[in-house]
Amino acid sequence: MEIELGGTVRGDEYDAMIVGGDLTLDGSLDVLAIGGFVPQAGDLFDIFDFEPANLSGLFDAVNLPALASGLAWDDTNLYTTGELLVSLSQIAGDFDGDGDVDGDDFLLWQRNFPVLDGTASLSNGDANGDGNVDGDDFLVWQRNFPYPTALSSVPE
């Protein structure tokens, strides 16, 4: 399936699919930016309208257009509401999503360590997206701690 994004107005500037019955997903979803359109932070694309109870299957691959530095695609609602969101990239190791990497993030990782069954998320301490909370995630936190970097004072 191919969806084209040429702006933020549904139907006029980007494609949307409205499904009145069952929706079975398979294969690839290819989302393309067309006509020089560059998605910005906060842009929301409601590309599928369907009843979640009527959904079966998942895409094997979701291919999204490249974004400017500091932005990331949030596709967490793709299979529930049919939405794609452009958001600010989260800092690696910021498990609580408050914009910094600090002791609170370490405690979140520590409380969930170890999870090795592939079910963990960023909010559980999974920094590398492999579904586990393990030593690799601690190393990501450690490399980014503290963020923002503390300013040091220089004696006069």
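**Exercise 1. Which order do the three strands of the open sheet have, and is their pairing parallel or antiparallel?**

Let's work it out on this predicted model.

Step 1. Line up the strands: the open sheet reads β1-β4-β8, and the pairing is parallel.

Step 2. Look for the edges. Strands β1 (2-5) and β8 (61-63) each pair on one side only, so they are the edge strands by that count.

Step 3. Check how the strands lie against each other. Ignoring direction, neighbours in this sheet are turned by 10° on average.

Step 4. Zoom in on one pairing. Strand β4 covers residues 28-33 and runs parallel to β8, with three bridges joining the two. Here you can spot Ser 28 standing opposite Ala 61 of β8.

**Exercise 2. Work out how the protein chain is put together, and whether it is spread out or a compact globule.**

Step 1. Count the elements: the protein chain has ten strands and two helices.

Step 2. Read them off from the N terminus. The run is β-β-β-β-β-β-β-β-β-β-α-α.

Step 3. Compare radii. For 156 residues the globule rule gives 15 Å, but the radius of gyration of the protein chain is 19 Å, well over that value, so the chain is more spread out than a compact globule.

Step 4. Add the box. Along the principal axes, the C-alpha atoms fill roughly 65 × 40 × 20 Å.

Step 5. Turn to the surface. The accessible surface is about 9100 Å², and carbon and sulfur atoms account for 52% of it. Of the 156 residues, 29% count as buried, the cut-off being under 20% relative accessible area.

Step 6. See how contacts bridge the sequence. Take the contacts between residues at least 6 apart: 58% of them join residues at least 24 apart.

**Exercise 3. Find the largest nonpolar core and say which elements give two or more residues to it.**

Step 1. Start with a general idea: in soluble globular proteins, nonpolar side chains tend to be buried together.

Step 2. Pick out the core. The largest one has 19 residues, and those with the most contacts inside it are Leu 5, Leu 29, Phe 45, Ile 47, Phe 48 and Leu 84.

Step 3. Name the contributors. Two or more residues come from each of β1, β4, β9 (71-74) and β10 (83-88).

Step 4. Follow one residue. Leaving out residues up to four places away in sequence, Ile 47 touches several partners, including Ile 3, Tyr 14, Met 17, Leu 29, Leu 78 and Leu 84.

Step 5. Look for another core. A second, separate one has eight residues, among them Val 101, Leu 108, Ala 120 and Val 133.

Terms used
Residues numbered from 1 in each chain as written. Predicted model: local features only at pLDDT ≥ 70, side-chain atom pairs only at ≥ 80, totals over all residues. Heavy atoms only, no water. Helix = DSSP H or I, 4+ residues; strand = E, 2+ residues; numbered from the N terminus. Axes fitted to C-alpha atoms, helices over the stretch in contact; angles between N-to-C directions. Rg over C-alpha atoms; globule rule 2.2 N^0.38 Å. Buried < 20%, exposed > 50% of the residue type's maximum accessible area, 1.4 Å probe, protein only. Contact = heavy atoms within 4.5 Å. Areas by Shrake-Rupley, 256 points an atom, 1.4 Å probe, with all protein chains shown as cover. Core = buried A, V, L, I, M, F, W, Y, C linked by side-chain atoms within 4.5 Å.
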